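Got your viewer open? Load the model, switch on cartoon plus sticks, and follow along stop by stop.

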Amino acid sequence: MSEHRVDEPVEGAVQGSFMARNIRRFAVPIMFIWIAIAAFTNVAAPQLEVVGAAHSVSMNAPDSPSIMAMRHMGQVFGEYDSDSAAMIVLEGDQPLGADAHAFYDTLVKRLAQDTKHVQHIQDFWGDPLTAGGSQSKDGKAALVQVYLAGNQGEALSNQSVDAVRDIVAETPPPPGVKAYVTGAAPLITDNFEVGSEGTEKVTIITFVVIAVMLLIVYRSIVTVLLVLLAVLVELAAARGVVAFLANSGVIGLSTYSTNLLTLLAIGELCT
């Protein structure tokens, strides 16, 4: 009966590729490289959510015909140069009267004073000649459109939406009258802020589900903890690299890319 040494290749056995053999050989240095990347990028740049809020890019294509026409119209009339707009809606239990008009005038005046975030106000309800076009048929609602600084999705646009909401919230309406901030730009801002709040919860739930699945497969708490530790290090490295590049101005981040990056990284690292 023939004998062979354990370290000798068996005839017909499949040999690992050059890449696989070297990854196994240099497993420890590779692990320390990943840890170093995660540590450096997370120290050199703020957290991904903070960078995403500060370096968010526009959601609209700047060279699309409709956006170009909108900006051109605003520039020709000397009103605005962005594609970001919000609508403030006044609603009353009864037809809006003099007290509602006084509240509206105060609101418009305070908005006009914030030149950093507000570029133009379409004050139709304040002019008797155009008031009918911005008021409902029953007289219980009126609206005013506000053009904001920064394009939709950009950090400046999100700050402008928050500034308008603060002004509306700090201006007390008369009894029976409510004011709402809506429109395309506030919708994009809500997607970013609400999505960022939900990312942490979804990440925790995802890790719990992955831990349970790994425990069922490996039936070893130590093995599960080691796998989760590796996933955490690689996730920290992926988030850190993206945050570092965005903070350095190399790439831009959108509302959806920031919220989906963590979940996509977890899914990719666990497959």
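A salt bridge here is a side-chain nitrogen of Lys or Arg within 4 Å of a carboxyl oxygen of Asp or Glu. Keep in mind that you're looking at a predicted model. By that rule, the count of salt bridges comes to two.

**Stop 1: R165 and D190**

Select R165 and D190 and show their side chains. They meet in a salt bridge, with N to O at 2.9 Å. R165 sits in helix α6 and D190 in helix α7, so this pair ties together parts that lie 25 residues apart in sequence. Are these two residues buried, partly exposed or exposed? R165 has a relative accessible area of 23%, so it is partly exposed. D190, at 28% relative accessibility, counts as partly exposed as well.

**Stop 2: the α6/α7 crossing**

Zoom out a little and colour the two helices: α6 is residues 155-170, and α7 is residues 184-218. Their axes come within 9 Å and cross at roughly 105°. That angle falls in the range 65 to 115 degrees, which makes α6 roughly perpendicular to α7.

Now for the residues at the crossing. On the α6 side, select S157, N158, V161, D162 and R165; on the α7 side, select A185, P186, T189, D190 and E193. You'll recognise R165 and D190 from the salt bridge. Try colouring this contact by residue type: it divides into three nonpolar, three polar and four charged.

**Stop 3: E170 and R110**

Next, select E170 and R110. Their side chains meet in a salt bridge too, at 3.3 Å from N to O. This pair links distant parts of the chain: E170 belongs to helix α6, R110 belongs to helix α5 (residues 98-113), and 60 residues separate them. Turn on a surface and check each partner. E170 is exposed, with a relative accessible area of 53%, whereas R110 counts as partly exposed at 27%.

**Stop 4: N259**

Jump to N259, which has its place in helix α9 (residues 255-270). With 12% relative accessibility, N259 counts as buried, since the cut-off for that is under 20%. What is N259 in contact with, once you leave aside its neighbours within four places in sequence? The answer is N191, F192, G195, S196 and T199. While you're here, put a distance label between the C-alpha atoms of N259 and G52: they're 9.2 Å apart in space, yet 207 residues apart in sequence.

**Stop 5: T41**

Select T41, found in helix α2 (residues 27-44). T41 has 6% relative accessibility, so it counts as buried. Its side chain reaches the backbone oxygen of A38 at 3.4 Å. Expand the selection around T41 and, ignoring neighbours within four places in sequence, you'll pick up contacts with A236, A237, G240, V241 and F244.

**Stop 6: R219**

Finish at R219, in the loop between α7 and α8 (221-247). What is unusual to look for in its backbone? Most residues other than glycine have a negative phi. The phi of R219, though, is near 55°, a positive value in a residue other than glycine. Show the surface again here: R219 is exposed, with a relative accessible area of 75%.

Definitions and conventions. Residues numbered from 1 in each chain as written. Predicted model: local features only at pLDDT ≥ 70, side-chain atom pairs only at ≥ 80, totals over all residues. Heavy atoms only, no water. Axes fitted to C-alpha atoms, helices over the stretch in contact; angles between N-to-C directions. Helix = DSSP H or I, 4+ residues; strand = E, 2+ residues; numbered from the N terminus. Parallel < 35°, antiparallel > 145°, perpendicular 65-115°, else oblique. Contact = heavy atoms within 4.5 Å. Nonpolar A, V, L, I, M, F, W, Y, C, P; charged D, E, K, R; others polar. Buried < 20%, exposed > 50% of the residue type's maximum accessible area, 1.4 Å probe, protein only. Polar contact = N/O pair within 3.5 Å; in protein donor to acceptor, adjacent residues only side chain to side chain.
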